[in-house]
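Work through the exercises below with the model open. Each task is followed by a stepwise solution.

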Amino acid sequence: MSIENTWHVAEDDLRAYARGELAAPLLWSADAHLTSCARCRGVLAGVSDVAALDAGWERLDAELDAPRPGWFEGLLVRLGVADHTARLLAATPVLRRSWLGAVVSVLVTTFVIAVSSRAAHSPTLFLAFTPLLPLAGVALSYGPGLDPTYEMAVVSPTHGFRLLMIRTVAVLAAGLGLNGLATLALPDYGLRALAWLLPALALTASGLALTPRLGPVLAPSAVGGAWVAVLLAANAAQPGADATLAPFTAAGQGVSGAVAALGAGLLFLFRDRFDVFPRGAA
Amino acid sequence: MTPTVSASGLSLHYGATRALDDVSLRLTPGVTGLLGPNGAGKTTLLRVLATAVPADRGAFTVLGHDPGSARGRQEVRRRLGYLPQTPGFHPDFTAFEFVDYVAILKELTDRGARHREVRRVLEEVDLGDVRGRRIKKLSGGMRQRVALAAALVGDPGFLVLDEPTVGLDPEQRMRFRELIARAGEGRTVLLSTHQTEDVAMLCHRVLVMASGAVRFDGTPAELTARAAGRVWSSTQRDPGAKAGWRTGTGTFRNVGEPPAGAELLEPTLQDGYLLTLDGAGATEVAA
């Protein structure tokens, strides 16, 4: 049975295909189309030299074997992420539906409690909790106990720090994006509702910077614990019930920014320590 | 022959535990077996040679590259294939996607070339027909072969296999041995194993480790020869033997210094191994 095609690959694209220069996702469309379109195969034969054509058929053969990428990976490629980076990201444990679903449900719960409690005039609970989500997300995205392929990844020529950064940026983008969406639902608080952002960056950077020394579980746990302790201390020292907690004042935000910068600097300094097994985990 | 791997004085401590104790070795092309009881330091040595863990003291090179520097470590890793003791998988990946993921980690970023390489290694381990199947749906033996395919990506010159036949049934084990033998043609393979049969069938050389140190380094025939005249049969367990176990015929097979008039038996690699360990691994091997 022949399939009637109403669309054909442009000749320029077929020339690029023959040279092996056609990029995804157009490459995938051309692969799929060529299997069913005799006319385009004929055009391809006309614009290719024999050796290049053989290489093209071999490539097509290999492509037909390759499974189509999942929804998340496909979305990343369509957003312009290189296909190999998209696959690295698709293997990040916390970028799975289950984690993203959990983050959304926690955010929604926090938001509902924040707006329905006696402190409806203050986003304190929301601000206190949301910085912990990116910290937890990043902590859960790598490490020997959490990434099933960690041992294979650590001995690969891709530097462990590069892999960590790729995943961290992806988790932060997802986590901060969700936090940002939740913030949009708190328009009454104005810019105050964004006071979680710098603490989130500070906690994430410090957690990662401490990981080579304390390990991938203890480091983020200690940082999370320290954040809660700071909030409790600030609450105890609060002058009035309606006053803003110290970490969310301008001065507190400045401290968070400084901690984030310091953590990022230390992280860069210790980057080679992410290229081997953490001591004690081997 | 120029060694693929040359190590001298490798030592590593975890707290008070001495995991590696002044290990020196030279590995040449072919399959070298690494035997030893649990806790002997086999996995630690493999992890050090695979650049996953740095040694406290000592140095080594792989194909002329010194992993002591970040640059050297990367060059070693470009030439390394590593199958860990318990390879982990992203269970939602298919066999193809998983090997593709490892190929990306091995810097094969060109999609077409990478997919051809993935297909090649999956064919090499006889998994071409199930490449589109999710890993969680594959049997234990098939998963192990997926992990071996991942280790073979990029045609590494040095292949490190940590107990790859553990947990496989006899048929799968035989099949895996064939794959290891094939992988050992033209490249250097270091194979950690509990099974003396693996060594007897596959290896041109064998190292025996105990308490973090190398106790024997030679050919399987030389290890077997250590037991010549030191293996005997008895109807009761011989208290003078370094190790003794009941065989399928009901008699006891003993290794050590035989009593006068003992019925001597032809030694095997396992006997030589037990004597090298001074009987310490008898329970494990006989089990």
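**Exercise 1. Polar contacts and salt bridges**

Task: How many residue pairs are in polar contact between chain B and chain A? Add the salt bridges, then break down the side of chain B that touches chain A.

Solution:
- Step 1. This is a predicted model, and side-chain atom pairs count only at pLDDT 80 or more. With both residues at that level, 13 residue pairs are in polar contact between chain B and chain A.
- Step 2. Look at which elements of chain B take part. β1 (5-14), α2 (70-78), β5 (80-83), α3 (95-105) and α4 (111-124) each supply at least two residues of the side that touches chain A.
- Step 3. Rank them. α3(B) gives the most, with eight residues.
- Step 4. Sort that side of chain B by residue class. It divides into 20 nonpolar, nine polar and 15 charged residues.
- Step 5. Count the salt bridges. Chain B and chain A share seven.
- Step 6. Inspect one of them. The side chains of B:E97 and A:R87 meet at 3.9 Å, N to O. The cut-off is 4 Å, so this pair counts as a salt bridge.

**Exercise 2. Area of the interface**

Task: What area do chain B and chain A bury between them, and which residues of chain B lose the most?

Solution:
- Step 1. Choose the quantity. Interface size is often given as the accessible area lost when the parts come together.
- Step 2. Read the total. Chain B and chain A bury about 3800 Å² between them. Carbon and sulfur atoms hold 58% of it.
- Step 3. Find the leading residues in chain B. B:R77, B:L105 and B:R111 lose the most area to chain A, together 19% of what that side buries.
- Step 4. Add the residue counts. Chain B brings 44 residues to the contact, and chain A brings 37.

**Exercise 3. Chain B as a whole**

Task: Describe the fold content, burial and surface of chain B.

Solution:
- Step 1. List the secondary structure. Chain B has ten helices and 13 strands.
- Step 2. Check burial. Of its 287 residues, 57% count as buried.
- Step 3. Take the surface. The accessible surface of chain B is about 11700 Å², with 47% on carbon and sulfur atoms.
- Step 4. Look at contact range. Among contacts in chain B with a separation of 6 or more, 65% join residues 24 or more positions apart.

**Exercise 4. A:T85**

Task: Is A:T85 buried or exposed? Place it in chain A.

Solution:
- Step 1. Locate A:T85. It sits in helix α6 (residues 83-90) of chain A.
- Step 2. Apply the cut-off. Buried means under 20% relative accessible area. A:T85 has 18% relative accessibility, so it counts as buried.
- Step 3. Relate A:T85 to A:L163. The two are 78 residues apart along the chain, and their C-alpha atoms are separated by 9.5 Å.

Key: Residues are numbered from 1 along each chain as its sequence is written. Chains are lettered from A and ligands numbered from 1 in the order in which they are written. This is a predicted model: local features need pLDDT of at least 70, side-chain atom pairs count only at pLDDT 80 or more; totals for chains, interfaces and linings use all residues. Side-chain values use heavy atoms; hydrogens and water are left out. Contact means heavy atoms within 4.5 Å. Buried area is the accessible area (1.4 Å probe) that two parts lose on being put together, summed over both. A polar contact is a pair of N or O atoms within 3.5 Å; within protein, one must be able to donate a hydrogen and the other to accept it, and residues adjacent in sequence count only if both atoms are side-chain atoms. Helices (H or I, at least four residues) and strands (E, at least two) are DSSP runs, numbered from the N terminus. Ala, Val, Leu, Ile, Met, Phe, Trp, Tyr, Cys and Pro count as nonpolar, Asp, Glu, Lys and Arg as charged, and the others, Gly among them, as polar. Buried means under 20% relative accessible area, exposed over 50%, partly exposed in between (1.4 Å probe, protein chains only). Accessible areas come from the Shrake-Rupley method with a 1.4 Å probe; for residues, only the protein chains shown count as cover.
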